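Here is a set of short exercises to work through with the model open beside you. Try each task before you read its solution.

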Amino acid sequence: MFDAHVHIIDPRFPLIENEGYLPDPYTIADYRKRMARFDIGGGAVVSASFQGTDQTWMKAALAELGPGWVGVTTLNLDASDEEIVELDRVGVRALRFNLKRAAADITGMTLQALRAYDLVGWHVEVYIDGQMLASLQPVISKLPALSVDHLGMSDESLPYLLDLVDRGARVKATGFGRVAMHVPDTIRRIHAVNPQALMFGTDLPGTRAGRPFEDSDVDLICDVVGTDMFAVLEDNARDFYRLPPRMRSLPPLHRGDPPTLPLRREDLPRLDPDATLPLPVIEP
């Protein structure tokens with residue numbers, strides 16, 4: 001599995017109060033303990049509103065998580081080309097535009113997104129509610145590569161979201177406990193438009209969500225997308241974040257049976273020609 005949306009809240013680094021809220025710590029050790037029963041082969045660490053534009057925590061997290069993990073960060077609009085290139089070198093692969101919990105200079109963000117895409121191929125991930133998605137669709141549809149968090153958040157966003165999906169946008173199947181929609185139906189409709197669009201993520205630790213990620217969320221996704229479950233749980237995201245595909249071993253056809261070995265022609269049993277009987281001729 002590839003967890004395309006994780007927040008790491010490391011108490012070693014400063015936080016910024018957002019709307020009167022500061023989260024509890026949620027370390028990499030906490031995440032690994034929570035997800036121990038799953039085969040997590042990588043993921044995306046996502047910058048949250050209470051982390052501002054600080055990059056020290058992101059660099060530390062990616063260094064500790066190791067290969068297979070990438071970063072999605074928020075930058076000052078005046079960040080230099082050199083800073084973007086350096087962050088790409090340590091594993092950052094996308095910009096995050098948090099349009100739900102922060103004031104935004106849409107023009108400045110768009111120019112930054114185009115610059116980062118030209119420099120290092122970064123895409124943009126937007127956290128946005130339904131009404132704003134409708135109003136900003138003409139702007140964000142012009143971004144060269146785009147992902148929308150948490151299924152677009154609400155039913156009212158779905159027509160606009162499906163139009164973006166049809167144009168190539170990706171959608172994170174995340175945050176089921178924070179959305180206002182019928183999740184299975186939304187996943188089904190997105191998947192029908194583009195089977196490559198959906199990307200699974202836990203959204204852990206689920207700060208300010210109605211409920212955090214539950215193991216049954218994975219079952220829900222698998223039930224809806226069926227045989228495309230590996231694409232949604234891993235392959236789509238690895239492709240979008242420009243990571244190599246992860247090879248999966250196929251189970252044996254008959255578990256527990258000893259493998260068969262090929263026989264050479266000279267090892268085949270030889271029959272006595274006199275012991276064979278000719279087949280009778282069948283008249284038409």
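The protein chain in this predicted model has nine helices and eight strands. Buried residues account for 49% of its 284 residues. Among contacts between residues at least 6 apart in sequence, 72% join residues at least 24 apart.

**Exercise 1. Work out the order of the strands in the sheet and find its edge strands.**

Solution.
- Step 1: Follow the pairing from strand to strand. The eight strands form an open sheet in the order 1-2-3-4-5-6-7-8, with parallel pairing.
- Step 2: Look for strands that pair on one side only. These edge strands are strand 1 (3-6) and strand 8.
- Step 3: Add the twist, which averages 30° from one strand to the next.

**Exercise 2. Trace the bridges that link strand 5, strand 6, strand 7 and strand 8.**

Solution.
- Step 1: Begin at strand 5 (residues 123-127), which pairs with strand 6 in the parallel sense over three bridges. Here V126 stands opposite V148 of strand 6.
- Step 2: Move on to strand 6 (residues 146-148), which runs parallel to strand 7 and is joined to strand 7 by two bridges. V148 has V171 as its bridge partner in strand 7.
- Step 3: Finish with strand 7 and strand 8 (residues 198-200), a parallel pair with three bridges. In this pair, K172 stands opposite M199 of strand 8.

**Exercise 3. Determine the handedness of the two β-α-β units that share strand 7.**

Solution.
- Step 1: Take the unit that leads into strand 7. Strand 6, helix 6 (residues 158-166) and strand 7 make a right-handed β-α-β unit.
- Step 2: Take the unit that leads out of strand 7. Strand 7, helix 7 (residues 183-193) and strand 8 also make a right-handed unit.

**Exercise 4. Sort the residues of strand 7 by the way they point, and decide whether they are buried or exposed.**

Solution.
- Step 1: Recall the general pattern: in a regular strand, side chains alternate between the two faces of the sheet.
- Step 2: Apply this to residues 170-173. R170 and K172 point one way, while V171 and A173 point the other way.
- Step 3: Check the burial. All of these residues are buried, the charged-looking names R170 and K172 included.

**Exercise 5. Find which face of helix 3 is buried and what that face packs against.**

Solution.
- Step 1: List the buried residues of helix 3 (residues 81-90), which are I84, L87 and D88.
- Step 2: Look down the helix axis. The buried residues fall within an arc of 105°, so they line one face of helix 3.
- Step 3: Turn to the other side, where E82 and R89 are exposed.
- Step 4: Find the partners of the buried residues, which pack against helix 2, strand 3, strand 4 and helix 4.
- Step 5: Look just past the helix. G91 follows helix 3 and has a positive phi, near 120°.

**Exercise 6. Describe how helix 2 and helix 4 lie across the strands.**

Solution.
- Step 1: Helix 2 (residues 56-65) lies across strand 2 (43-46), strand 3 (69-73) and strand 4 (92-98), and runs at about 165° to strand 3.
- Step 2: Helix 4 lies across strand 4 and strand 5, and runs at about 170° to strand 4.

**Exercise 7. Classify I106 and K100 by accessibility and list their contacts beyond four places in sequence.**

Solution.
- Step 1: Place I106 in helix 4 (residues 106-120). Its relative accessibility is 24%, so I106 counts as partly exposed, between the 20% and 50% cut-offs.
- Step 2: List the contacts of I106, namely L99, L136 and V139. The C-alpha atoms of I106 and L136 are 9.0 Å apart, although 30 residues separate them along the chain.
- Step 3: Place K100 in the loop between strand 4 and helix 4. K100 is partly exposed too, with a relative accessible area of 31%.
- Step 4: List the contacts of K100, namely Y127, D129 and M153.

**Exercise 8. Locate the nonpolar cores and follow L198 through its contacts.**

Solution.
- Step 1: Start with the largest nonpolar core, which has 70 residues; W122, L146, I187 and L198 are among those with the most contacts inside it.
- Step 2: Follow L198, whose contacts beyond four places in sequence include L151, V171, A173, I190 and V225.
- Step 3: Find the second, separate core of 12 residues, which includes V70, A237, F240 and Y241.

Methods:
Residues numbered from 1 in each chain as written. Predicted model: local features only at pLDDT ≥ 70, side-chain atom pairs only at ≥ 80, totals over all residues. Heavy atoms only, no water. Buried < 20%, exposed > 50% of the residue type's maximum accessible area, 1.4 Å probe, protein only. Helix = DSSP H or I, 4+ residues; strand = E, 2+ residues; numbered from the N terminus. Pairing = 2+ DSSP bridges. Right-handed = clockwise from strand over helix to strand, strands pointing away. Contact = heavy atoms within 4.5 Å. Axes fitted to C-alpha atoms, helices over the stretch in contact; angles between N-to-C directions. Core = buried A, V, L, I, M, F, W, Y, C linked by side-chain atoms within 4.5 Å. Arc of directions from axis to C-beta.
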